[in-house]
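Hi,

Here is the structure I promised to pass on. Have a look at it first, and then read my notes underneath.

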Amino acid sequence: MLTSGPPVTIGMPIRNCAGTVARAIRSILRQTHANWELLIYDDGSTDGTLDVARSFDDPRIRVLSDGTSKRIAVRLNEMIALGGGDYFARLDGDDVAYPERLARQVAYLRDHPGVDLVGCSAICFWGDGEAYGALRHPESHAGICADLAGGFASIHPAWLGRMAWFRRNQYDTRLPVAQDYELLLRSHRTSCFANVPEILLGYCAPPVRLGDYLPRRWRQTESLVADLL
C-alpha cells in the first residue's frame, strides 16, 4: 500500500555502475512511502551509467550531470542544497532499498523528534544478488558511537536524516574517502544518531581489498587524531 507523508529527497551519486543503477532506481520506485524525489548525480561516468539513469520516465526523478568527476562529497553537498524534502536519504547506485525503508525511517524520526539521523540493518550481497551476510546495528546513539576508532555502527547508504541537519553538517569535500566517518565524528557530540532494528537495505559489499581498505583507514585515523587534539 502506498502511503503519503513528509517529502523525502533521496541522493544517489553514481559513477560507472551501468550494470546495477537500474536495480537501485527500481527499488526507490517501489517504496511504500510515495512522497519522494530522487536526485541522481552522475560523477563523470564513462560506461553508459548516465544513459541508464536517464531512461526512467518518472517526474520524481531528476538526473544531473556536468560531465566532470568531483567525487562523492561534492555531489552529496550539491544534492542536499538542491533537495526540497524535509528529509534527506542516501542510496548508492549498486544498493537496493526494501519497499518499506523510507516509510519506516521517516516514521522513526517523526516518533523520535530528538534524533537527527537514522540508519538501519542490512543484508550484504554480491554484485549478482547472492546474499552472504547481515549487518545488524545497535539502535541507540551510545551504541552507534561505542567504538570511534573502529568506526560508527551505521552504514552510509542506509542513512536518512533531517534535511536541516545535513545542511548544518556538510560533507568535507577535501577528503577522497571516509567522508561519512568524518561527518559523524565531527557531529556526534552535538547530534543524536539511531538505527531502526529492521533490515531495510540490500548492501552490495564485496570483500574489501587491501588497496581499498588502507586509504579509508588512513583517512579515518587522521580524522580521529584531529578530533582528539
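**Notes on the loop, the strands and the rings**

Leaving out neighbours within four places in sequence, Asp94 is in contact with Thr20, Arg23, Phe125 and Cys204. Before going further, please keep in mind that this is a predicted model. Asp94 sits in the loop between S4 and S5. Its C-alpha is 5.8 Å from that of Val21, although Asp94 and Val21 are 73 residues apart in sequence. As for cover, Asp94 has 27% relative accessibility, so it counts as partly exposed.

Asp92 is in the loop between strand S4 (87–90) and strand S5 (96–97) too. Is Asp92 buried or exposed? At 18% relative accessibility it counts as buried, because the cut-off for buried is under 20%. The side chain of Asp92 makes a polar contact of 2.6 Å with the side chain of Arg90. If you skip residues up to four places away in sequence, Asp92 touches Met12, Pro13, Ala24 and Pro157.

Two of the Asp94 contacts, Phe125 and Cys204, lead straight on to the strands. Phe125 stands opposite Cys204 in S9, and Phe125 also has Ala131 in S7 as a bridge partner. Here is how strand S6 (residues 117–125) pairs up:

- With strand S9 (residues 193–204), S6 runs parallel over 9 bridges.
- With strand S7 (residues 131–135), S6 runs antiparallel, joined by 4 bridges.
- With strand S8 (residues 160–162), S6 is antiparallel over 2 bridges; here Leu117 has Gly161 as its bridge partner.

The hairpin of S6 and S7 has 5 residues between the strands, and Gly129 takes a positive phi near 100 degrees there. Why call S6 largely enclosed by the rest of the structure? Because 8 of its 9 residues are buried.

Helix H7 (residues 179–187) is mostly covered as well, with 8 of its 9 residues buried. The buried ones are Gln179, Asp180, Tyr181, Glu182, Leu183, Leu184, Leu185 and Ser187. So you will find charged and polar names in that list next to the leucines, among them Asp180 and Glu182.Now the aromatic rings. How many aromatic pairs are there? The count comes to 5. In one of them, the rings of Trp165 and Phe166 have their centres 5.0 Å apart and their planes at 85 degrees, so this pair is edge-to-face. Trp165 is buried, with a relative accessible area of 1%, and Phe166 counts as buried at 0% relative accessibility. Trp165 and Phe166 belong to one aromatic cluster with Phe88 and Phe193.

Finally, the chain as a whole. The protein chain has 8 helices and 9 strands. Of its 229 residues, 51% are buried. Among contacts with a separation of 6 or more, 77% are between residues 24 or more positions apart. The accessible surface of the protein chain is about 10,500 Å², and carbon and sulfur atoms account for 55% of that.

Cheers

Notes. Residues numbered from 1 in each chain as written. Predicted model: local features only at pLDDT ≥ 70, side-chain atom pairs only at ≥ 80, totals over all residues. Heavy atoms only, no water. Buried < 20%, exposed > 50% of the residue type's maximum accessible area, 1.4 Å probe, protein only. Phe/Tyr/Trp six-rings, centres within 6.5 Å; stacked < 30°, edge-to-face > 60°. Pairing = 2+ DSSP bridges. Contact = heavy atoms within 4.5 Å. Areas by Shrake-Rupley, 256 points an atom, 1.4 Å probe, with all protein chains shown as cover. Polar contact = N/O pair within 3.5 Å; in protein donor to acceptor, adjacent residues only side chain to side chain.
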